[in-house]
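Student: I have a new model open and would like to talk through its cysteines and one of its helix pairs. Could you take me through them step by step?

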Amino acid sequence: MKPFFVFIGKILLVLLLSAFALDFMYTTVFGQSETRNKVENVIHLKPQNYDVIILGTSRANNHFVPELFEKEGLKTFNYGMSGSHLFETSLLLKLMVARGWKIKNVIVETDLNLSNEKRDDGTFGRFMPFLHQSKIITDHFKKEADFTELYYVPFYRYLQFDEKIGFRAWYKTLVNEPTNVMHNQGYYPLGHNPKANMKNNIENLKPLRNRYFEEIKQICKANGIHLIAVTTPMCSNVKGMEYFKKVKAMYPEIKEYEHVVVGNQYFSSCGHLNDKGARLFTAKIIADLFKNQ
């Protein structure tokens, strides 16, 4: 039996060493990239100065056009991330502040994302290569149920988030394959989709006194950042629009813009404006909130 256990021990040792080696290789490659996604960009950029930073989900990423802010003399970047929740939005702002960024205004899309406090694995996977390098990411993630295995088991996080930081993403990062994520100052324009579903039902959504929105408010207050929380447009054929009244009742400071763009021709889907609609919406935001600054 002894040779058998020795054999098994050798296999386990080889697997463990391989896991450490792969973890080191992946972390090293992802740790040198700053252009393939917005998380890497924030972590690696030198301290920045912005008049306006935009944060939120795809309903921020696809709705706010930095070009129009820039025409008003406001240096702007859209750091909205498709699929993200306020869990990731709060963390991204923490990293900006910790990196010494100077930000005058933060626009945060706060509407449907107020209804949960969960992480989005697709987005959160972007942070995983830096789990050991950043105490901010570590602390933000500590209360998650799977923190122990992701933090302490070598290479496990790359397997768990394979879709975002697996071999395919690692290789594209290694060869510095370009992406369009950082184009248009982070804004991702959508086209008009004639076959899009212009119906939606949000009757089951309930806004929360969201801990991560509360974190964002505290971060902005502590760092002298003017926080502008807004709802963003939805198409007219939506069931459950009373949700937004509940949002306003819970957070009176959130500015209501869910109704300001009317007409399916301005939407790529019921919950996302196309480029033409985004420009109308952004112009309205600038006129209401920045013209007098």
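Student: Which residue does the disulfide join to Cys235?

Tutor: Happy to help, and keep in mind that this is a predicted model. There is 1 disulfide in the structure. Its S to S distance is 1.9 Å, which falls within the 2.5 Å cut-off. The partner of Cys235 is Cys270.

Student: How many residues apart are Cys235 and Cys270 in the chain?

Tutor: The disulfide joins Cys235 to Cys270. Cys235 sits in the loop between β5 (226-230) and β6 (238-239), while Cys270 lies in the loop between β7 (267-269) and β8 (272-273). The pair thus links distant parts of the chain, 35 residues apart.

Student: Is the link of Cys235 and Cys270 left-handed or right-handed?

Tutor: Look at the rotation about the S-S bond, which is -65 degrees. With that value, the link of Cys235 and Cys270 is left-handed.

Student: Are α5 and α12 roughly parallel or roughly antiparallel to each other?

Tutor: The axes of α5 (residues 86-98) and α12 (residues 211-222) come within 8 Å and cross at roughly 20 degrees. Angles under 35 degrees count as roughly parallel. The two helices are therefore roughly parallel.

Student: How many residues of the contact of α5 with α12 are nonpolar?

Tutor: On the α5 side, the contact includes Leu86, Phe87 and Leu93. From α12 come Phe213, Ile216 and Cys220, among others. The contact has 2 polar and 2 charged residues, and the nonpolar ones number 9.

Student: Is Cys220 buried or exposed?

Tutor: Cys220 is one of the α12 residues in that contact. Its relative accessible area is 2%, and the cut-off for buried is under 20%, so Cys220 is buried.

Methods
Residues are numbered from 1 along each chain as its sequence is written. This is a predicted model: local features need pLDDT of at least 70, side-chain atom pairs count only at pLDDT 80 or more; totals for chains, interfaces and linings use all residues. Side-chain values use heavy atoms; hydrogens and water are left out. Helices (H or I, at least four residues) and strands (E, at least two) are DSSP runs, numbered from the N terminus. Buried means under 20% relative accessible area, exposed over 50%, partly exposed in between (1.4 Å probe, protein chains only). Axes are lines fitted to C-alpha atoms, for helices over the stretch in contact, and angles run from 0 to 180 degrees between N-to-C directions. Angles under 35 degrees count as roughly parallel, over 145 as roughly antiparallel, 65 to 115 as roughly perpendicular and the rest as oblique. Contact means heavy atoms within 4.5 Å. Ala, Val, Leu, Ile, Met, Phe, Trp, Tyr, Cys and Pro count as nonpolar, Asp, Glu, Lys and Arg as charged, and the others, Gly among them, as polar.
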